[in-house]
Amino acid sequence: MGYVFALFVFYWTGQVIKNVTHVGTAGQFATWYFQYGTPNMPQNPTVKSFKRALTTSFGSVVLGSLIIAVIQTIRAILRGMARNDRGGVGAFLAACANCILGCIESLVEYFNRYAFTQVAVYGKPFIQAAKDTWELFKSHGFDVIVNDDLTSPVLSFTSFLAGLMLAFVAFIWGASEFGLKGSNLYYVIVLVIIGFFIGFVECAVVMEVVSAGIAAIMVCFCDAPAVLESKDPVLFERFRSTYGPRVGFFSS
């Protein structure tokens, strides 16, 4: 039981850190969207946004993170059951349940991404943010938020390329330093794997900032397109021509 609790705390803590970063970053983009060029624009929006994420919005972050942490803990338990009962009926059922929960986890994480964006933009409690996110999906169309979200594959591929680049650098350095003969080859392989992992993770952290910004701008545009029109007509026209006819804001 202690192991399960420790695992749950580990997942919950990781989710809280990730979502605090998302809320803090999305809040900065929302500040730019609504307040840039006005007297209300704060001097240091980054500090103020993360201060809100760690104070008034922290309860919402913790609650939303709890859902994913519970699913991840159950999946870890199921994986352990499958390993302990190899080839048995229990292992098969555990694998099936783990697969289903994996799909649910992906859907909840995607939904939470926009729910936390609502928390960041408007300071809503998580439950209200979740309800408003569902209404956003229904009123403005799943296609604009799901099918047109082409940025996620691009960001993931960018992280993958960063990993490959650092792995290549590690290979060149390892080959020149240790050579590729005998047991030294294994050292070089380990260096390449570590290099790829570091490059991928570091770039993924940076890309999460971009992802949070994209979600924030999308939510702000769906809720208040006139704000963007008044501040940046050129950018507004690009948004209008891309998204407007699909979500019913404007006529094509």
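How far is the sulfur of Cys-222 from the closest cysteine sulfur, and why is there no bond? Let's work through this and three more exercises together. Keep in mind that the model is predicted.

**Exercise 1. Work out the bonding state of Cys-222, then look at Cys-96.**

Solution.
- Step 1: Find the partner candidate. The closest cysteine sulfur to that of Cys-222 belongs to Cys-220, at 9.5 Å.
- Step 2: Compare with the cut-off. A disulfide needs two cysteine sulfur atoms within 2.5 Å, so 9.5 Å is too far for a bond.
- Step 3: Turn to Cys-96. The nearest cysteine sulfur is that of Cys-99, 7.4 Å away, and Cys-96 is in no disulfide.
- Step 4: Check the total. The structure holds zero disulfides.
- Step 5: Add the surroundings. Cys-222 is buried, with a relative accessible area of 4%, whereas Cys-96 is partly exposed at 31%.

**Exercise 2. Classify the ring pair of Tyr-33 and Phe-34.**

Solution.
- Step 1: Start with the overall count, which is 13 aromatic pairs.
- Step 2: Take the geometry of this pair. The ring centres of Tyr-33 and Phe-34 are 5.1 Å apart, and the planes stand at 70 degrees.
- Step 3: Apply the rule. Planes over 60 degrees apart count as edge-to-face, so the pair of Tyr-33 and Phe-34 is edge-to-face.
- Step 4: Compare accessibility. Tyr-33 is buried, with a relative accessible area of 2%, while Phe-34 is partly exposed at 28%.
- Step 5: Widen the view. Tyr-33 and Phe-34 belong to one aromatic cluster together with Trp-32 and Tyr-122.

**Exercise 3. Do the same for Trp-173 and Phe-178.**

Solution.
- Step 1: Read the geometry. The ring centres lie 5.7 Å apart, with the planes of Trp-173 and Phe-178 at 85 degrees.
- Step 2: Classify. With that angle, the pair is edge-to-face.
- Step 3: Look at accessibility. Trp-173 is partly exposed at 46%, and Phe-178 is partly exposed at 37%.

**Exercise 4. Place Gly-174 in the structure.**

Solution.
- Step 1: Locate the element. Gly-174 sits in helix α7, which covers residues 151-178.
- Step 2: Decide whether the residue is buried or exposed. Gly-174 has 0% relative accessibility, so Gly-174 counts as buried.
- Step 3: List the contacts. Leaving aside residues up to four places away in sequence, Gly-174 touches Gly-179, Val-188 and Leu-191.
- Step 4: Gauge a distance. Leu-78 is 96 residues from Gly-174 along the chain, and the C-alpha atoms of the two are separated by 40 Å.

Notes:
Residues numbered from 1 in each chain as written. Predicted model: local features only at pLDDT ≥ 70, side-chain atom pairs only at ≥ 80, totals over all residues. Heavy atoms only, no water. Phe/Tyr/Trp six-rings, centres within 6.5 Å; stacked < 30°, edge-to-face > 60°. Buried < 20%, exposed > 50% of the residue type's maximum accessible area, 1.4 Å probe, protein only. Helix = DSSP H or I, 4+ residues; strand = E, 2+ residues; numbered from the N terminus. Contact = heavy atoms within 4.5 Å.
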